[in-house]
Amino acid sequence: MNAIIFDLDGVLCHTDEYHYMAWKTIADELDIPFNRKVNDQLRGVSRMESLNLILRNSPIRYTEQEKNLLAEKKNNIYRNLLQNITSKDLAEGAWTVLEKLHTVHIPLAIGSSSKNTPLIVEKLGIGKFFDVIVDGNQISHSKPNPEVFLSAAEKLHQKPSDCLVVEDAEAGVKAAINGGFPVAGIGTAKACPDVNYPLLSLSELLTIASH
Ligand code: B16
Ligand code: MG
């Protein structure tokens, strides 16, 4: 393994909780049932695809224009929640792991579906650790399509089989597998079949990277 590609929401930070809060506000306003189980299906999935998954539980058919407004409203709520995040919002051990991997010159990338990646990375102060960042602004197909990870591997000048993807979401694990990447799963993704490395903590990456 030559390089590591990290998912962002749910792996390096818990902004996944803010996605949940913002979608919950929208779903409650529309009187659509929404809980953490539905929210788990939205992990790694693009904003508009997430909205379509939520609206499947509504008897009402929304126009494209209405959907665009709902997605924009959700994003405004989400971005307001992001305003106060700092490096304290990093996942446990993330800073130490990134610092150590960077110090031993392991090329590092972020591969995220989120169009808010630049804001989150800036707020967390972790940009300096990454050689490459590919996010939702640069891709046409979100996870489980492997595009985001393939683009990151290409920019790292590495073959997919030499880059370890770290994911928290089923859609992300599938994207990695579809692209031919080995994958480490953390959180709910550690139970996904096909995960090569189920992680209890990010610090286990230091052991994996040293082999
Ligand atoms: P945005 P990841 C994903 O980020 C989130 O997991 C997913 O819940 C969200 O819908 C998606 O980004 C798009 O986010 O609305 O900010 O563009 O897990 O791929 O880092
Ligand atoms: Mg994620």
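**Close-up views of a predicted model**

**View 1. Helix H1 and the residue that comes after it.** In this predicted model, H1 is followed by aspartate 31, whose phi is positive, near 60°. That is worth a pause, since most residues other than glycine have a negative phi. Now look along the helix itself. H1 has 15 residues, which at 1.5 Å a residue should span 21 Å, and its end C-alpha atoms are indeed 21 Å apart, so expectation and model agree. Which residues of H1 are buried? They are Tyr18, His19, Tyr20, Ala22, Trp23 and Ala27. These buried residues pack against three other helices: H2 (36-40), H3 and H4 (64-82).

**View 2. The surroundings of ligand 1.** Here we meet the 21 residues around ligand 1, of which Arg47, Ser112, Ser113, Ser114 and Lys115 come nearest. Two elements each give two or more residues to this shell, namely helix H1 (16-30) and helix H3 (47-55). What kinds of residue make up the shell around ligand 1? It divides into 11 polar, 6 charged and 4 nonpolar residues.

**View 3. Helix H5 and its two sides.** Helix H5 runs over residues 94-103, and its buried residues are Ala94, Val97 and Leu98. Imagine looking down the axis of H5: the buried residues fall within an arc of 95°, so they line one face of the helix. The face turned away from that buried side carries the exposed residues Glu99 and Thr103. What covers the buried residues of H5? The cover includes strand S2 (108-111) and helix H9 (204-209).

**View 4. Histidine 105, just after H5.** This close-up moves on to the loop between H5 and S2, where histidine 105 has its place. Although histidine 105 is not a glycine, its phi is positive, at about 65°. Is histidine 105 buried or exposed? It has 8 C-beta neighbours inside 10 Å, and therefore counts as exposed.

**View 5. The loop between S5 and S6.** Two residues are picked out here, beginning with glycine 187, which sits in the loop between strand S5 (183-186) and strand S6 (197-199). Glycine 187 is partly exposed, because 18 other C-beta atoms lie within 10 Å. Leaving aside neighbours within four places in sequence, glycine 187 is in contact with Gly10 and Asp168. Find leucine 200 as well: it is 13 residues from glycine 187 along the chain, and their C-alpha atoms are separated by 7.5 Å. Aspartate 194 is found in the loop between S5 and S6 too. Its phi is near 85°, a positive value in a residue other than glycine. With 10 C-beta neighbours inside 10 Å, aspartate 194 counts as exposed.

**View 6. A cis peptide bond at proline 144.** Proline 144 lies in the loop between strand S3 (132-134) and helix H7 (147-155). The peptide bond that leads to proline 144 from lysine 143 is cis, with omega near 20°. For background, most peptide bonds are trans.

**View 7. Stepping back to the whole chain.** How many helices and strands does the protein chain have? There are 9 helices and 6 strands. The radius of gyration is 17 Å, close to the 17 Å that the globule rule gives for 211 residues, so the chain is as compact as a globular protein of that length. Along its principal axes, the C-alpha trace spans about 55 × 35 × 30 Å. Of the 211 residues, 41% count as buried. Among contacts in the chain with a separation of 6 or more, residues 24 or more positions apart account for 59%.

Conventions. Residues are numbered from 1 along each chain as its sequence is written. Chains are lettered from A and ligands numbered from 1 in the order in which they are written. This is a predicted model: local features need pLDDT of at least 70, side-chain atom pairs count only at pLDDT 80 or more; totals for chains, interfaces and linings use all residues. A residue is near a molecule or strand if its C-beta atom, placed from the backbone, lies within 6 Å of it. Helices (H or I, at least four residues) and strands (E, at least two) are DSSP runs, numbered from the N terminus. Ala, Val, Leu, Ile, Met, Phe, Trp, Tyr, Cys and Pro count as nonpolar, Asp, Glu, Lys and Arg as charged, and the others, Gly among them, as polar. The expected span of a helix is 1.5 Å times one less than its number of residues. A residue is buried if 20 or more other C-beta atoms lie within 10 Å of its own, exposed if 12 or fewer, and partly exposed in between; C-beta atoms are placed from the backbone. Two residues are in contact if their C-beta atoms, placed from the backbone, lie within 7 Å. The radius of gyration is taken over C-alpha atoms; the globule rule is 2.2 Å times the number of residues to the power 0.38. The arc is that of the directions from the helix axis to the C-beta atoms.
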